[in-house]
6 protein chains.
Amino acid sequence: MKVSARNALKATVKKVVPGSVNTEVTLEIAPGVEVTSVITKASADSLQLSEGKEAYAVIKATDVMVAVD
Amino acid sequence: MKVSARNALKATVKKVVPGSVNTEVTLEIAPGVEVTSVITKASADSLQLSEGKEAYAVIKATDVMVAVD
Amino acid sequence: MKVSARNALKATVKKVVPGSVNTEVTLEIAPGVEVTSVITKASADSLQLSEGKEAYAVIKATDVMVAVD
Amino acid sequence: MKVSARNALKATVKKVVPGSVNTEVTLEIAPGVEVTSVITKASADSLQLSEGKEAYAVIKATDVMVAVD
Amino acid sequence: MKVSARNALKATVKKVVPGSVNTEVTLEIAPGVEVTSVITKASADSLQLSEGKEAYAVIKATDVMVAVD
Amino acid sequence: MKVSARNALKATVKKVVPGSVNTEVTLEIAPGVEVTSVITKASADSLQLSEGKEAYAVIKATDVMVAVD
């Protein structure tokens with residue numbers, strides 16, 4: 001399946017912390033660069049995410065804000 | 001200003017393409033890893049974004065989806 | 001690719017209206033039930049969307065609001 | 001109240017699963033076609049959602065992604 | 001229609017700037033406090049927004065970030 | 001840090017209700033006008049939010065819907 005979201009960054013799952021409804025997933029998208037994701041527990045289970053697994057961080061372009069110092 | 005969005009990735013502005021209402025900004029967050037952002041033209045102007053400038057890609061954790069092959 | 005978004009509704013593309021930056025896509029997800037999507041023109045081009053094509057409407061559960069009369 | 005969100009799909013509530021902060025609501029928008037929604041528990045309570053109730057799935061056009069196989 | 005979005009702030013329309021696809025709407029939610037909204041042109045037309053009209057700014061709780069200096 | 005989100009409304013923190021994963025924050029943006037925000041507990045902790053503290057409600061223009069009666 002190919003999705004219209006503009007960003008699909010190759011990543012490695014570093015940590016999976018399940019809550020009661022949501023699961024927090026830490027993805028490493030480059031050495032030392034991590035992105036935190038919060039998805040529903042049902043989705044995390046269905047994707048069978050676990051430490052070390054290859055995955056993608058998928059982000060819509062309109063959900064990326066830009067900031068400057 | 002410190003924002004509640006969980007992800008604030010250090011980046012370099014690679015490209016700024018202004019449209020009539022929105023501006024597309026390409027950010028390099030690691031060597032060879034780019035993220036595309038679409039923000040309003042008014043915001044892009046106010047941040048004075050231009051190629052080579054240091055910036056951040058700011059993304060809420062709930063806006064990061066996870067995908068697997 | 002399997003994405004963490006909870007909803008992936010089978011659909012048929014009914015209409016594709018390209019703008020300068022964004023493209024409006026009308027998807028029929030059941031007979032007489034249509035969903036309107038606005039994605040970037042670049043994404044629409046890359047997915048090669050056209051009338052009659054099979055596609056999916058992908059929506060995160062947290063992006064579905066509920067209303068009552 | 002009429003909202004600017006482009007999609008307001010007529011639906012029947014199929015399931016309401018309350019968590020501690022969020023509630024998961026399953027809406028049937030056509031025979032056999034279901035959409036999952038996660039809203040805050042406070043909102044679900046205020047809308048008095050229960051199985052069989054008529055409701056709407058309200059979704060902004062920019063929150064509908066498109067995917068193809 | 002009553003929507004699950006947590007915030008529905010009473011407002012007065014101060015400005016409506018139509019683009020080709022999107023329309024920018026400025027809403028005054030308290031004396032001197034304005035909120036900018038970008039909705040699709042089709043939605044703005046359907047709501048018949050014009051300066052001075054009473055309206056609401058509707059915002060999901062998860063779309064409100066918090067920042068501190 | 002200056003963010004591309006169009007709306008940054010000055011506010012006072014009225015209430016902070018921590019859950020297991022998310023925290024609900026009530027912000028007063030004008031006398032008698034409150035906005036509810038749901039952010040991750042980790043973000044709320046890192047911002048050290050507490051009643052009476054000055055803060056901002058930061059909202060992207062595309063996340064503000066408009067409604068009329």
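What rotation superposes chain C on chain B? In this predicted model, a rotation of 120° brings chain C onto chain B, with 0.0 Å of shift along the axis and an RMSD of 0.0 Å. That is the relation of a three-fold axis. In general terms, two copies of a chain are related by a rotation about an axis and a shift along it. Chain C and chain D can be described in the same manner: a rotation of 180°, again with 0.0 Å of shift along its axis, superposes chain C on chain D with an RMSD of 0.0 Å. That is the relation of a two-fold axis.

These two relations can now be followed to the surfaces through which the chains meet. For chain C and chain D, 100% of the interface residues of chain C are also interface residues in chain D, so the copies meet through the same surface. For chain C and chain B, only 20% of the interface residues of chain C are also interface residues in chain B, so these copies meet through different surfaces.

Consider the contact of chain C with chain D. Chain C contributes 33 residues and chain D contributes 33 residues. Between them they bury an area of about 3,000 Å², and carbon and sulfur atoms give 64% of it. There are 14 residue pairs in polar contact across chain C and chain D, counting pairs with both residues at pLDDT 80 or more. On the side of chain C that touches chain D, the elements that give two or more residues are the strands β2 (7-18), β3 (22-30), β4 (33-40), β5 (54-59) and β6 (65-68) of chain C. The most comes from β4(C), which gives seven residues to this side. By class, the residues on the side of chain C that touches chain D are 22 nonpolar, four polar and seven charged.

Charged side chains also meet across this interface, where two salt bridges are found between chain C and chain D. A salt bridge joins the side chains of Arg6(C) and Glu24(D), with 3.0 Å from N to O.

The backbone takes part in this contact as well. Strand β6(C) pairs with strand β5 (residues 54-59) of chain D in the antiparallel sense, over three bridges. Within this pairing, Ala67(C) stands opposite Tyr56(D) in β5(D).

The contact of chain C with chain B may be examined in the same order. Here ten residues of chain C touch eleven residues of chain B. About 780 Å² is buried between chain C and chain B, with 57% of it on carbon and sulfur atoms. Four residue pairs are in polar contact across this interface, both residues being at pLDDT 80 or more. The side of chain C that touches chain B divides into four nonpolar, four polar and two charged residues. One salt bridge is counted between chain C and chain B. A salt bridge links the side chains of Asp63(B) and Lys60(C), with 3.2 Å from N to O. Strands pair across this interface too: β6 (residues 65-68) of chain B and β1 (residues 2-3) of chain C are antiparallel and share two bridges. In this pairing Ala67(B) stands opposite Val3(C) in β1(C).

Which strands make up the open sheet, and in what order? The sheet has six strands in the order β4(D)-β3(D)-β2(D)-β5(D)-β6(C)-β1(E), with antiparallel pairing. Its edge strands are β4 (33-40) of chain D and β1 (2-3) of chain E, each of which pairs on one side only. Inside the sheet, strand β2 (residues 7-18) of chain D is joined to strand β3 (residues 22-30) of chain D by six bridges, and the two run antiparallel. Val13(D) of this pair stands opposite Leu27(D) in β3(D). As a general point, the side chains in a regular strand alternate between the two faces of the sheet.

Chain F offers a view of strand pairing within one chain. Strand β2 (residues 7-18) of chain F is joined by six bridges to strand β5 (residues 54-59) of chain F, and these strands run antiparallel. Asn7(F) has Ile59(F) in β5(F) as its bridge partner. Strand β2(F) also pairs with β3 (residues 22-30) of chain F, in the antiparallel sense and over six bridges. Here the bridge partner of Val16(F) is Val25(F) in β3(F). Together β2(F) and β3(F) form a hairpin, with three residues between them.

Note on methods: Residues are numbered from 1 along each chain as its sequence is written. Chains are lettered from A and ligands numbered from 1 in the order in which they are written. This is a predicted model: local features need pLDDT of at least 70, side-chain atom pairs count only at pLDDT 80 or more; totals for chains, interfaces and linings use all residues. Side-chain values use heavy atoms; hydrogens and water are left out. Copies are superposed by least squares on the C-alpha atoms of residues with pLDDT of at least 70 in both. Contact means heavy atoms within 4.5 Å. Two strands pair if DSSP finds at least two bridges between them. Helices (H or I, at least four residues) and strands (E, at least two) are DSSP runs, numbered from the N terminus. Buried area is the accessible area (1.4 Å probe) that two parts lose on being put together, summed over both. A salt bridge is a side-chain nitrogen of Lys or Arg within 4 Å of a carboxyl oxygen of Asp or Glu. A polar contact is a pair of N or O atoms within 3.5 Å; within protein, one must be able to donate a hydrogen and the other to accept it, and residues adjacent in sequence count only if both atoms are side-chain atoms. Ala, Val, Leu, Ile, Met, Phe, Trp, Tyr, Cys and Pro count as nonpolar, Asp, Glu, Lys and Arg as charged, and the others, Gly among them, as polar.
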